[in-house]
Structures are given as structure tokens and as C-alpha cells.
Amino acid sequence: MLLVFIKPRPFLTLFNFRPLLPVLLVFLLGTALLPQKKEVCLTFDDFPYVQMGRYPVSHIRESITRLIDVLKKYDARPIAFINEIQLYKEENLIDPRRVELIKLWLDAGFDMGNHGFRHKDLSSHSPDEFKEDVLLGEKIFAPMIEGKQKYFRFPQLEVGNTLEVKRDIEKFLEENDYIILPITISAAEYKFAIAYSKAYFSKNEKYKKKISDDYIEYLSKFIDLVEKQTEYLFKRRIKHFMLLHMNELNVDHMERLLRLFKKKKYTFISAGEAMTDSIFTIKNTYAGRDGLGFIDQIASIRRLMGESLFDDKRINLPEYVLELSDNDFYDFPYEGE
Ligand SMILES: [Zn+2]
């Protein structure tokens with residue numbers, strides 16, 4: 001009979017365990033530092049279109065269709081915030097072709113929220129006027145999204161001059177089944193958009209190209225800055241909401257913006273998904289006249305505004321963009337091709 005003698009295995013000593021230590025360390029650290037995903041929800045204010053009266057409805061329909069197509073191509077799941085006054089041809093006369101624009105957006109599977117009937121902000125209107133504007137602003141779109149969550153975006157991002165007003169409005173919105181959507185990427189997009197629309201109406205192709213190139217370059221830097229700010233404030237990545245508007249600039253160049261996010265390894269998420277980030281439940285006592293985004297609000301409470309990471313002028317806008325967006329003139333001041 002053959003006896004097989006099995007030698008008992010010695011216990012792992014620290015000595016023979018040692019070669020495994022770096023592997024284990026990398027594993028543990030890797031788990032702890034595993035980068036949270038980069039995620040963003042795109043939000044479009046002033047639906048159907050900024051300065052709607054300047055364009056024929058057919059043009060706006062075509063523009064929104066182009067925007068929807070490219071957003072779908074990249075599986076972005078955006079939300080648009082409507083000012084229902086823009087659906088009226090004149091007082092008390094709704095334009096059904098404009099109401100159709102809501103349907104176009106919703107049929108794409110996108111979300112829609114309330115941005116006030118007349119875009120009344122909380123700095124220059126009383127809380128009562130503001131509340132009236134909220135309730136007036138949901139008459140048409142709310143029945144069209146029945147069963148879905150209602151979202152609200154503050155006009156001019158103004159949340160109330162005092163904490164008392166802010167809390168009163170928050171309570172009112174909650175009672176009316178609204179969730180307030182924050183903004184974490186709040187760039188000077190609108191300044192580029194004003195400049196672009198002036199170049200658009202002057203048919204200045206050279207400047208349309210220049211403005212859009214500078215816009216994408218500026219946004220790239222701005223997104224990088226926001227990433228640094230969030231790491232500094234919250235010690236982690238957060239889910240983002242980006243503020244955009246329904247305008248010519250974004251319709252013409254959305255694909256470049258979406259590609260930019262992809263290059264930076266972002267995935268696109270819906271408003272509901274972005275709101276699951278616990279960061280949006282932290283105590284936020286910011287109140288004031290400045291329409292600040294979420295990150296600036298938190299920086300302001302922590303008295304960090306003006307410090308290098310939170311200095312507005314960290315990313316300079318091109319001088320000509322400031323000039324075009326600030327001045328009220330009709331003739332385009334720069335030469336075309
Ligand atoms: Zn707005």
C-alpha cells in the first residue's frame with residue numbers, strides 16, 4: 001500500500017506574504033481612489049427659443065429638430081425649461097405651431113420643466129408676483145408631461161435676496177410638486193451666444209466660425225476649472241448640470257460640445273439621474289441678488305469667492321466677444337470674408 005504523505009503547508013508568514021503587499025496595496029488604494037464616473041445632464045433654458053420673435057416659427061422648428069437629432073445621436077438626455085409666454089402670438093392668443101414645439105421635444109423622450117411664464121426673477125419681483133408667474137408658467141406644458149416629475153429653474157438663477165424669501169419659495173415649489181434643478185456648470189455661454197447671433201444676422205461667416213471656435217475652447221477650459229472646484233469643495237466628483245440656452249450658437253455647434261464632453265470621458269444623464277447625487281441635499285444657506293450657480297453658492301457660503309479657484313476672471317473671455325455681447329448696436333463692427 002502506497003502511503004502518500006502530504007506535508008502540511010506552513011502558515012503564511014509575513015516573510016512570504018511580503019511580495020504580495022504591493023499588489024494588495026494597489027488593489028486597496030485603487031478601490032478607494034476608483035474615479036467616480038464623469039456625468040453631466042444638459043439643461044436648456046428659455047425654450048422654445050431665445051429672442052423667439054426674431055425668427056419665423058418654421059426656422060425655430062427646423063433648429064429644434066436639428067438640436068434633437070444631434071442630442072439623440074450622442075444619447076444625451078437633456079431637459080428644457082420653458083417660458084410659456086413665448087407660445088403666445090399676442091395676448092390670449094396661443095400659436096398652435098409653437099405648442100407643437102413642446103411635443104417635438106417631448107416626443108424625443110426629453111424632459112421639460114418650468115422657467116416661469118414671463119421669466120420673472122426674484123430680485124426684481126415680489127414673492128407673490130414670482131409665485132403667480134410659476135403657476136401661470138405650467139398651464140400648457142404640465143398637462144403634456146402628466147405623470148412625470150415637474151422641475152423648476154430659477155430665472156436668472158436668482159433664488160431670493162434673503163434666506164426667508166428663499167425658504168418661502170422653496171416651500172411653495174415643493175407644495176406644487178416641483179424639484180428645483182441646480183446648475184453646476186454655469187459658463188458665460190450667453191455672451192458667446194449674443195455675439196454669435198449678431199454675426200448670424202449680419203451673415204458674417206468668418207466671425208461665426210471664430211466665435212464658435214473660441215466658444216468651444218472656452219467651454220473646455222471652463223469644464224476643467226469646474227472639475228478642480230468640485231474636487232476642492234467636495235473632495236470628489238459630482239454629477240453635473242450644465243446651463244445652456246435654446247439659441248443659434250448651440251443649435252449650430254452642439255455636436256462639437258457633445259464631442260468635447262466625450263473627449264473628457266463624460267456620459268450624459270437625465271435630470272432625475274443627476275439629482276440622485278447626495279451633494280444636492282447639503283445645507284445651502286446662500287441667498288442674495290447674484291444669480292450664482294451651485295458651486296459658487298457653496299463657495300460663497302464658505303467665503304471662498306475671489307480666491308484663485310473661484311475667481312471669475314480666471315478664464316478670460318475674448319475682448320471682441322465682450323464687446324459684441326455688451327454693446328447694443330445694429331451694424332456688425334467686424335469685417336467679413
Ligand atoms: Zn432664462
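**Exercise 1. Find the residue that follows helix H9 and work out what is odd about its backbone and how exposed it is.**

Start at the end of the helix: H9 is followed by Lys235, and the phi of Lys235 is positive, near 60°. Helices here (H or I, at least four residues) and strands (E, at least two) are DSSP runs, numbered from the N terminus. Before going on, note that this is a predicted model, where local features need pLDDT of at least 70, side-chain atom pairs count only at pLDDT 80 or more, and totals for chains, interfaces and linings use all residues. Residues are numbered from 1 along each chain as its sequence is written.

Next, why does that phi stand out? Most residues other than glycine have a negative phi. Now place the residue: Lys235 sits in the loop between H9 and E8. Last, count neighbours. A residue is buried if 20 or more other C-beta atoms lie within 10 Å of its own, exposed if 12 or fewer, and partly exposed in between, with C-beta atoms placed from the backbone. Lys235 has 7 C-beta neighbours inside 10 Å, so it counts as exposed.

**Exercise 2. Look for a positive phi in the loop between H8 and H9.**

The residue to pick is Lys203, which lies in that loop between H8 and H9. Its phi is near 55°, a positive value in a residue other than glycine. Lys203 has 10 other C-beta atoms within 10 Å, so it is exposed.

**Exercise 3. Check the length of H9 (residues 205-234) and say what covers its buried residues.**

First the length. The expected span of a helix is 1.5 Å times one less than its number of residues. With 30 residues, H9 reaches 43 Å from its first C-alpha to its last, close to the 44 Å expected.

Then the buried positions: among them are Tyr207, Ile211, Tyr215, Tyr218 and Leu219. Their cover includes helix H8 (189-201), H10, helix H12 (294-301) and helix H13 (319-326). Contact means that the C-beta atoms of two residues, placed from the backbone, lie within 7 Å.

Finally, try Lys221, also in H9. Lys221 has 13 C-beta neighbours inside 10 Å, so it counts as partly exposed. Lys221 and Arg314 are 93 residues apart in sequence, yet 9.8 Å apart in space, C-alpha to C-alpha.

**Exercise 4. Work out how H3 (residues 57-73) and H10 (residues 248-263) pack.**

Take the axes first, which are lines fitted to C-alpha atoms, for helices over the stretch in contact, with angles from 0 to 180 degrees between N-to-C directions. The two axes come within 9 Å and cross at roughly 10°. H3 is therefore roughly parallel to H10 (angles under 35 degrees count as roughly parallel, over 145 as roughly antiparallel, 65 to 115 as roughly perpendicular and the rest as oblique).

Now the residues: H3 brings Ser63, Arg66, Leu67, Val70 and Leu71, while H10 brings Asn250, Val251, Met254, Glu255 and Leu258.

**Exercise 5. Follow strand E8 (residues 240-245) into its pairing with E1 (residues 38-47).**

Begin with burial: five of the six residues of E8 are buried, so the strand is largely enclosed by the rest of the structure. E1 and E8 pair in the parallel sense over six bridges; pairing requires that DSSP finds at least two bridges between two strands. Within this pair, Cys41 stands opposite Phe241 in E8.

To finish, step past E1 to Pro48, in the loop between E1 and H3. A cis peptide bond joins Phe47 and Pro48, with omega about 5°.
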